[in-house]
Amino acid sequence: MRKHHSVLGGVALALSLTLTGCSDDGTEPDATDTPTATPSETPTSASPTPKTTEEKAAAQLQTYLEVRDVAYAKRTIDFKTLNPVATGGEFLELQEAVVDMTMADVTKTGNYVHTIGEPRNRGNSIEITDCEDRSGVTVKVKGKVRTPDYKAPDGNPLRNPAPVKYTLVKDKGTWKVSESDLLWDQSC
Amino acid sequence: MLRRLLALLAMLGASFVVVVAVAPSAIADCDVDEETGEVVCEDEDDGNDGGTHTGGSSTCKYDGKEIPCTGPEGSVWSSKYGCWIGERGPDDLVPPEGQTKEDGWWHVCYFPPPGSSWEYMWILTGEVGIDPVVLAQRAIASMNLDPIEIGIVPESAANRAGLVGLPVWMWVDQPTDVTFGPISASASEGTVSVSATANVSSIVWDMGDGTKVNCTGKGTPYADHYGKQASPTCGHRYAKMSDDQPDGAYQVTATSHWVVEWTGGGQSGTIEFDLTTEPLPIRIGEAQVLTQ
């Protein structure tokens, strides 16, 4: 797991989350229906209001991951929650992922655990690596569990946890997630 | 997937353009394909595509900004709906009241940020035209373009060798419209028609010794009367013998850079790509060695 550094200060603890956007009741969500179940969230420790640029970006990423995980679980997108936290390629990519899941009848149940690392301020952008643990997530295709859930380019099962590097950019004064890169050949 | 989206990203706002320009470039961007479960990586540098015609662009307008006319998964921009219209929805979706499946179909809509509502759109038959870029690529495919035929002295043969320090001449041997252009072709579907004209703008010669020579023209074919003159248009001199190279020869390739200008469907654009020859072995020796 990534060690948190002081730059995040008091936010660090709050960033190690269990995001329970995926339903764990074994039912398969239907993207064409309006979901009624509200995904539960494991209560997290009270996080202070982010103050620094890096803290604000990290908080935005945290929210984005919540939105993303709910989108995966419901196979639909709530733009009211996505618009404030994502833009650019990531904004489109999440839509594409949801469409792919719907078309191929892929479902995800269970909970991702995200451990957000130290933000790196690049000036016009901020990079943050999330250590994504999906051991609590079950991926099914047409109702059957897919094993392994993901395959790395080298043919081996994708490691778990796996680091994902996110890039955030300022969009109308707000840091938003604009890009992600799965670092499949690196460990957390 | 990411690389395709980067092209979109760059068009979606000024701030993105800055980010793309300053962000440290990775060798590849990777993401999972939710459908197949495979991690897919796409190189930053499209480079030589081995003959497939990728890339190209056409621009549409949205909210006062230029955006690509082609969105995720080959979806096509619709000003009417303010989204890229993509795949058809499931067959079991019921048409809206007063409509039948003859009139249209539910389609996925990909929204540029910010999005409004995530739902299938009922698109009337014929409302989604084919992207002119796709037609341009079809036109290019119909041209059956080829890499050039390499013309080079010293020649490539087992009993031929050049000398260190002497001029090497490179040229396009017997250029044709499919190896050098110009060549034009059209493609159409429905009411949309696109015309494209392709030309080779430059040729990069990889001489196999670490040198790349960029020539803008066809080069000058060597003739005996030139003697030991250097090529006036496209040449090289080897500084070392090739005996330490695999098979004792430098492997020379020529990469022709094609530029295709296309117009049609109310748009215009440029598609660029490279075609590379197979390596050609060229042996280089030294006079004293060769005369021993």
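The following paragraphs go through the two chains of this predicted model, the interface between them and the salt bridges.

Chain A contains four helices and seven strands. In sequence order its elements run α-β-α-α-α-β-β-β-β-β-β. After the opening helix and strand, then, the pattern gives three helices in a row and ends in a run of strands. Of the 188 residues in chain A, 54% are buried. The accessible surface that chain A exposes is about 8,100 Å², and carbon and sulfur atoms supply 47% of it. When contacts in chain A are restricted to residues at least 6 apart in sequence, 71% of them join residues at least 24 apart.

Chain B also has four helices, together with 19 strands. Its 292 residues include 43% that are buried. The accessible surface of chain B is about 14,500 Å², with 50% belonging to carbon and sulfur atoms. For contacts in chain B with a separation of 6 or more, 61% are accounted for by residues 24 or more positions apart.

The interface comes next. On the side of chain A, 45 residues are in contact with chain B, and 47 residues of chain B take part in return. The two chains bury about 3,600 Å² between them, and 62% of that area is on carbon and sulfur atoms. Within chain A, the residues that lose the most area to chain B are A:Leu92, A:Glu93 and A:Glu96, which together make up 17% of what that side buries.

As for polar interactions between the chains, the rule finds 10 residue pairs in polar contact across the interface, counting pairs in which both residues are at pLDDT 80 or more. Five elements of chain A each supply at least two residues to the side that touches chain B: α4 (88-104), β2 (106-116), β4 (125-141), β6 (162-171) and β7 (174-182). Helix α4(A) gives the most, with 15 residues. By residue class, that side of chain A divides into 19 nonpolar, 13 polar and 13 charged residues.

A:Leu92 can be placed within this picture. It lies in helix α4 of chain A. A:Leu92 has a relative accessibility of 0%, so it counts as buried. Its C-alpha is 9.4 Å from that of A:Ser178, although the two residues are 86 residues apart in sequence.

Which residues form a salt bridge between the chains, with their closest N and O atoms 2.9 Å apart? They are A:Lys108 and B:Glu34, and the rule finds one salt bridge across this interface. A:Lys108 is located in strand β2 of chain A. Buried means under 20% relative accessible area, and A:Lys108 is at 1% relative accessibility, so it counts as buried. The side chain of A:Lys108 makes polar contacts with two side chains, that of B:Glu34 at 2.9 Å and that of A:Tyr112, also at 2.9 Å. A:Lys108 therefore has a polar partner in chain B and another in chain A, while itself being buried at 1% relative accessibility.

Over all chains, the count of salt bridges comes to nine. Among them is the bridge between A:Arg68 and A:Asp69, whose closest N and O atoms are 2.7 Å apart. Both A:Arg68 and A:Asp69 are buried. A:Arg68 also forms a salt bridge with A:Glu132, with the closest N and O atoms at 2.8 Å. This pair links distant parts of the chain, since A:Glu132 belongs to strand β4 and A:Arg68 to helix α2 (residues 53-74), 64 residues apart. A:Glu132 is buried, as is A:Arg68.

A further salt bridge in chain A joins the side chains of A:Asp171 and A:Lys176, at 3.0 Å from N to O. Are these two residues buried or exposed? A:Asp171 has a relative accessible area of 16%, so it is buried. A:Lys176 is at 13% relative accessibility and therefore counts as buried too. As for the bridges described before this one, shared partners join A:Arg68, A:Asp69 and A:Glu132 into one network.

How values were computed
Residues numbered from 1 in each chain as written. Chains lettered and ligands numbered in written order. Predicted model: local features only at pLDDT ≥ 70, side-chain atom pairs only at ≥ 80, totals over all residues. Heavy atoms only, no water. Buried < 20%, exposed > 50% of the residue type's maximum accessible area, 1.4 Å probe, protein only. Contact = heavy atoms within 4.5 Å. Areas by Shrake-Rupley, 256 points an atom, 1.4 Å probe, with all protein chains shown as cover. Buried area = accessible area lost by both parts, 1.4 Å probe. Salt bridge = Lys/Arg side-chain N within 4 Å of Asp/Glu carboxyl O. Polar contact = N/O pair within 3.5 Å; in protein donor to acceptor, adjacent residues only side chain to side chain. Nonpolar A, V, L, I, M, F, W, Y, C, P; charged D, E, K, R; others polar.
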